[in-house]
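Visitor: I am new to this structure and should be grateful for a close look at one part of it. Would you kindly describe the place where the chains meet, and then set it beside the meeting of domains within a chain?

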Amino acid sequence: MRPWIVPVIAALLLAALPAVLTPYTQDLVVKIAIYAVFALSLELLVGAAGLVSLGHAAFLGIGAYVTVMATGDGGAASALWLLPAAMGAAALYAIFVGALSLRTKGVYFIMVTLAFAQMAYFVFHDTKLGGGSDGIFLYSKPVIQFGKTVLLDLDRKADLYYTVLAALVGTYALLALINRSRFGHALAGIRVNEQRMRAAGFATYGYKLAAFVIAGALAGLAGFLLAVKDGAVNPELLSWHESGAVLLMIILGGIGSLRGAVIGAVAFTLLKELYQSEALLGPLAAHWQLTLGLTIIAFVALLPKGLIGLKARLSGGAHA
Amino acid sequence: MRDPKTDATEPLLRSNLLTRRFGGLTAVNGVTLGFHVGEVHAVIGTNGAGKSTLINMLSGEMPATSGSIHFDGHDITDWPQPQRARAGLGRSYQRTTIFPEFSVLENCRLCAQAALPRAWAVWESAQHCEASLATAREALERAGLSDDAQRSAGTLSHGGKRQLEIAMCLATKPRVLLLDEPLAGMGAEETERMLALLGALKQNHAVLLVEHDMDAVFRIADRITVMVNGEVIASDAPAAIRANRDVQTAYLGEGH
């Protein structure tokens, strides 16, 4: 079976879904799809290149903040320049962070990426720049408009849904292309043995920096979509909780697989939604971090290769 | 036509008073050596004599404390390792450093890819990159691994992994081979095959061979350099080394 068949069927199903969805569920699907884009962007770093970053939310947050701040009070901005601006700003910060953090390795890399993310967090949290700790609202959602013809208005639920779906499909397709390309194979080699790659003639720093910047830009895309969906941003978007959550998503789904990243985003968001639901869990909902944490520990203990490893495990068990 | 013999007098790779200190320890001290195409140049010495440090400095993995390195008319002392590798300095490792989860062919193809342009063309599939595939197949052919091309590299025997290590080095199309104990842990048959390969490779490569198997060294080497405590105590043809009294007392032992 060709590897793209399952993703293509999934995308077609998602495209048909709004016909049968309630507004709440459609909103949830949009949220999950945005987090799937975010998780995919980190998968390029962790899964493909073996770079474990604990500061990936900085790029999500910068993309989101730029979307809101560049819109300003002058009415709806054109998505044609707002989206590139959001992704570009995230990419710029990724160049800066990557250029410095990629000189370190392993646990030092984790700490340095975390430190740069905290730095960005406190810039938005402690200064008036983005409304301080309360954040700011996005009053006018981006549009694409030629003359009087409005091609896209992200204030409309359907437009937002299909834009998010297109972003997810585009991100997935881009990463699938990267993974099969020479660039992707070089990243895989760097993940397994960077020293050997240098001995073969690869200037590995440039490859890692390129991956870091692409991942940052894609996280900026997720940030753009999140800001548009929520109509507001606040500093928590850049917090290390968010960086940790996206790392948990790809661990939950299975590191080293694009599908795993998407499945992880679905599972994590649904679990969080479930444990936060007072209607279902009553007073326990207030302690969702505890229940979510315990569930993730159980998942990781039982499925060390993530949910994507479940299939192999089940079919393997059937043979035994 | 120039006489290849006169060309051979100019070494392709040369170290000049190369020195490396680690704190108070001088691992390599003022080593001046030349490596010629057409020669297997063995560097021998006890553990800690500085052989691996020498290879690490020549390949660019470790900066020299002082001294210089010259390759094909360039002073490459300050070149980073990837640049040296692309210019034609290939190395193998004492500890096997293959990519175990990739196929044998992909191990070589990946190494062959390093020198290719347009690494950023993400729409092109690596597995259909004919240029690197052709180089990889050729390297596997030379190393005698063609039949194992599709196997996962981690499943090869120890000897097979050592052969792959050499094949990966060849896939980068080097002009100098810096080989750190390629025969370590090999059986008799595998050693024979490796020696035959080295004999063939020296025709158009300069080969630096660090090796503990003395029988193999004296059979294959055209020149032997003996290092003791980071210094070169002798560098000569095998017969002269065997007869050298300093070498006998310092390294080969009184029995020789």
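Guide: Two residues are taken to be in contact if their C-beta atoms, placed from the backbone, lie within 7 Å. The model before you is a predicted one. On that footing, 19 residues of chain A are in contact with 25 residues of chain B. On the side of chain A that touches chain B, helix H6 (157-180) and helix H7 (182-200) of chain A each supply at least two residues. The most comes from H7(A), which gives 12 residues to this side. By class, the residues of the side of chain A that touches chain B comprise nine nonpolar, six polar and four charged.

A further contact lies within chain B, which is divided into domain 1 (1-88 + 174-256) and domain 2 (98-173). Between the C-alpha centres of these two domains of chain B there is a distance of 26 Å. Domain 1 of chain B brings 11 residues to the contact, and domain 2 of chain B brings 12 residues. On the side of domain 1 that touches domain 2, the elements giving two or more residues are helix H3 (81-87) and helix H7 (188-201) of chain B. H7(B) provides the largest share of that side, namely three residues. The side of domain 1 of chain B that touches domain 2 of chain B holds six nonpolar, two polar and three charged residues.

Key
Residues numbered from 1 in each chain as written. Chains lettered and ligands numbered in written order. Predicted model: local features only at pLDDT ≥ 70, side-chain atom pairs only at ≥ 80, totals over all residues. Domains from an automatic or database assignment. Helix = DSSP H or I, 4+ residues; strand = E, 2+ residues; numbered from the N terminus. Nonpolar A, V, L, I, M, F, W, Y, C, P; charged D, E, K, R; others polar.
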